[in-house]
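Subject: Handover of a model

Hello,

I am handing this one over to you. Please open it alongside this email; my notes follow below.

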Amino acid sequence: MYQLWDIHDIKYILKKHGFAFSKALGQNFIVDAAVCPAIVEGAAIGAEDYVLEIGPGIGVLSAELCKSAKKVVAVELDKRLPDILADTLADFDNFELVEGDILKLDLHTLWQEHFAGAENLKICANLPYYITSPVIMRFLESDLPIESITVMVQKEAGERICAQPGSKQAGAVTVAVQYYASAEELFFVPKEAFLPSPKVDSEVIQLTVREQPPIAPVDENLFFKVVKAAFLQRRKAAANSLSAGLAMPKAEVIAMLEALGFAPDCRAENFSMEDFAAITAYLAKSEEK
């Protein structure tokens with residue numbers, strides 16, 4: 001059996017299959033033996049768990065998941081990798097590969113066809129940095145019975161996702177993610193843990209999906225529209241961003257903020273989730289008039 005984190009085994013596998021890394025796909029393979037077992041432990045993968053993995057690469061995380069889970073289904077975009085995975089994961093009969101783009105696949109069809117008998121789902125992945133937020137939000141908005149999402153992301157992205165709404169690090173993704181899930185930083189992963197080594201460090205985060213959002217905005221679509229607009233120009237006052245993002249006269253936005261008790265020069269990072277809900281309610285009420 002290969003040691004898929006071992007740099008010598010990796011180079012042998014890549015040479016054997018004539019594989020070269022793709023920058024466009026954000027491919028960086030883990031070469032630290034401690035990382036994947038720590039991800040599996042952090043995700044609390046047990047013998048009855050069904051796991052969905054995104055971007056398995058040559059299978060280093062997949063192998064660790066298969067050792068603990070009932071079934072692992074991995075979605076891979078790179079058409080060069082199925083032959084490699086058939087080689088590296090040949091010893092596991094609880095692994096299944098689905099070729100495709102996770103941002104384009106019908107997630108409910110994926111669930112129905114590959115997770116028969118599952119009551120819930122855990123997601124684990126070493127995500128390419130450029131698709132971190134779209135992938136996370138696609139799952140959170142999917143209405144699938146997802147229990148948790150444990151992923152490795154760029155450190156800065158992880159810190160932003162796990163920041164407290166209303167804090168300086170918060171962004172639109174912070175509010176969006178934490179509407180659906182509680183977010184926690186699990187552990188740091190240095191750039192030296194990858195081949196090739198990226199320019200930035202990473203961290204593993206965990207999102208535990210909520211049964212109900214922590215707030216109940218009067219209009220969920222308007223709520224997210226407000227959040228997105230507020231962070232449109234995050235270096236500027238929220239009045240400017242909301243005015244531009246909602247196509248409202250700035251004077252009206254300032255009047256709204258003052259009516260809700262906010263300073264006219266406040267920024268989006270100062271708003272809590274409840275504050276965004278209050279702005280949403282104000283706008284919804286105004287639209288009724």
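Start with Lys67, which counts as exposed because its relative accessibility is 52%, over the 50% cut-off. Keep in mind that this is a predicted model.

**Helix H3**

Lys67 forms a salt bridge with Glu64. The closest N and O atoms of that pair are 3.0 Å apart. Both residues sit in helix H3, residues 60–68, and are 3 residues apart, about one turn of the helix. In an α-helix, residues three or four places apart point the same way, because there are 3.6 residues a turn. Glu64, unlike its partner, is buried: its relative accessible area is 16%, and the cut-off for buried is under 20%.

That fits the rest of H3, which is mostly covered, with 7 of its 9 residues buried. Besides Glu64, the buried residues are Val60, Leu61, Ser62, Ala63, Leu65 and Cys66. What covers them? Strand E1 (29–30), helix H2 (35–42), E2, E3, E4 and E5 are included in the cover.

**Other salt bridges**

How many salt bridges are there in the whole structure? The search finds 8. Here are some that deserve a look.

Asp87 pairs with Lys16, with the closest N and O atoms 3.0 Å apart. Asp87 is in helix H4 (residues 81–88) and Lys16 is in helix H1 (residues 7–17), so this pair ties together parts that are 71 residues apart in sequence. Lys16 is partly exposed, at a relative accessible area of 46%.

Glu159 pairs with Lys155, and here the closest N and O atoms are 2.3 Å apart. Both lie in helix H7, residues 155–162, and are 4 residues apart, about one turn of the helix. Lys155 counts as partly exposed, at 27% relative accessibility.

There is also a network of salt bridges, which links Asp49, Lys122 and Glu147.

**Helix H5**

Next, look at helix H5, residues 107–114. Its buried residues are Leu107, Leu110, Trp111 and His114. Seen down the helix axis, they fall within an arc of 100°, so they line one face of H5. Gln112 and Glu113 are exposed and sit on the face turned away from the buried side.

Which elements does the buried side of H5 pack against? The partners are strands E2 (50–54), E3 (71–76), E4 (95–99) and E5 (121–126), together with helix H6 (132–140). E2, E3, E4 and E5 also appear in the cover of H3's buried residues.

Check the start of H5 too. A side-chain oxygen of Asp106 reaches to within 3.0 Å of the backbone nitrogen of His108 there.

**Helix H8 and a pocket**

Helix H8 spans residues 172–180 and is mostly covered, with 7 of its 9 residues buried. The buried ones are Thr174, Val175, Ala176, Val177, Gln178, Tyr179 and Tyr180.

H8 also helps to line the second largest pocket, as do H6 and strand E6 (146–154); each supplies at least two lining residues. The volume of this pocket is about 350 Å³. Its lining has 17 residues. Which of them lie nearest the centre? Leu140, Asp143, Leu144, Val209 and Arg210 do.

Over to you.

Best wishes

Definitions and conventions
Residues are numbered from 1 along each chain as its sequence is written. This is a predicted model: local features need pLDDT of at least 70, side-chain atom pairs count only at pLDDT 80 or more; totals for chains, interfaces and linings use all residues. Side-chain values use heavy atoms; hydrogens and water are left out. Buried means under 20% relative accessible area, exposed over 50%, partly exposed in between (1.4 Å probe, protein chains only). A salt bridge is a side-chain nitrogen of Lys or Arg within 4 Å of a carboxyl oxygen of Asp or Glu. The arc is that of the directions from the helix axis to the C-beta atoms. Contact means heavy atoms within 4.5 Å. A polar contact is a pair of N or O atoms within 3.5 Å; within protein, one must be able to donate a hydrogen and the other to accept it, and residues adjacent in sequence count only if both atoms are side-chain atoms. On a 1 Å grid over the protein atoms alone, a cavity is a set of points where a 1.4 Å probe fits but cannot get out, and a pocket is an open set with protein on both sides within 12 Å along at least five of seven lines; lining residues have an atom within 4 Å of a point. Grid points are joined across faces, edges and corners, and a volume is the space filled by probe spheres set on the points.
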